[in-house]
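Here are a few exercises to work through with the model open beside you. Try each one yourself before you read the solution.

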Amino acid sequence: MSLQDFEDAVNEAIDRIPDELAREMAAMANVAVVIDDEYRPRPGDEPGLELLGLYEGTPLTERGAWWDAGSLPDRISIFRGPILRACGSREEVVHEIKVTVIHEVAHYFGIDDRRLHELGWD
């Protein structure tokens, strides 16, 4: 799948996000959503770790009065390579992107992996 096709799939996946969450996403401020080819492991990561997405920033639940004083934008990365390797069709890619975006947006709102698992978004 070309980068342009993948970007189109990301846009389609975002369009398929449930309305109530889409309204919350519209209120998100200072967040960049980017497409990267691969996750680059960091010191301390398990060998062979592949992520489909990553939220980097300060969740809303952890922000204090100091937060907006010069803070960089939060970042949600969607990793193209791992998603393409995990999926067998364009429809699967769109679905996986949707789940990944919802998962990472949940982290922005302070929802952890345990709660996401309970809600079926893992």
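**Exercise 1.** Does tyrosine 55 count as buried or exposed, and at what relative accessibility?

Some ground rules before the solution. This is a predicted model, so local features need pLDDT of at least 70 and side-chain atom pairs count only at pLDDT 80 or more, while totals for chains, interfaces and linings use all residues. Residues are numbered from 1 along each chain as its sequence is written, and side-chain values use heavy atoms, with hydrogens and water left out.

*Solution.* Start with the cut-offs: buried means under 20% relative accessible area, exposed over 50%, and partly exposed in between (1.4 Å probe, protein chains only). Tyrosine 55 comes in at 12% relative accessibility, so it counts as buried.

**Exercise 2.** Work out which aromatic pair tyrosine 55 forms, and with what geometry.

*Solution.* First, the rule: rings of Phe, Tyr and Trp (its six-membered ring) pair if their centres lie within 6.5 Å; planes under 30 degrees apart are stacked, over 60 edge-to-face, and the rest tilted. By this rule you get 3 aromatic pairs. One of them is edge-to-face with centres 5.7 Å apart and planes at 70°: tyrosine 39 with phenylalanine 79. Tyrosine 39 sits in the loop between β1 and β2 and phenylalanine 79 in strand β3, 40 residues apart. Both tyrosine 39 and phenylalanine 79 are buried.

Now for the pair we're after: tyrosine 55 and tyrosine 108 are also edge-to-face, at 6.2 Å centre to centre with 85° between the planes. Since tyrosine 55 is in strand β2 and tyrosine 108 in helix α4, the pair ties together parts that are 53 residues apart in sequence. Tyrosine 108, at 3% relative accessibility, counts as buried. Finally, Tyr55, Tyr108 and Phe109 make up one aromatic cluster.

**Exercise 3.** Lay out the sheet: what is its strand order, and what kind of pairing does it have?

*Solution.* Strands are DSSP runs of E, at least two residues, and helices runs of H or I, at least four, numbered from the N terminus. Two strands pair if DSSP finds at least two bridges between them. With that, you have an open sheet of 3 strands in the order β1-β3-β2, with mixed pairing. At the edges are β1 (31–36) and β2 (53–56), each pairing on one side only. Next, β2 and β3 (residues 74–79) run antiparallel, joined by 4 bridges. In that pairing, glycine 53 has isoleucine 78 in β3 as its bridge partner.

Helix α4 (residues 90–108) packs on the sheet and touches β1, β2 and β3 (contact: heavy atoms within 4.5 Å). Its direction makes about 20° with that of β2, where axes are lines fitted to C-alpha atoms, for helices over the stretch in contact, and angles run from 0 to 180 degrees between N-to-C directions.

**Exercise 4.** Which residues does threonine 100 touch, not counting those up to four places away in sequence?

*Solution.* Place threonine 100 first: it belongs to helix α4. With a relative accessible area of 4%, threonine 100 is buried. Its contacts are Leu52, Gly53, Ile78 and Ile83, not counting residues up to four places away in sequence.

**Exercise 5.** What are the contacts of serine 77, leaving aside its neighbours within four places in sequence?

*Solution.* Serine 77 lies in strand β3 and, at 1% relative accessibility, counts as buried. Leaving aside neighbours within four places in sequence, serine 77 contacts Val34, Asp36, Leu52, Gly53, Leu54 and Glu56.
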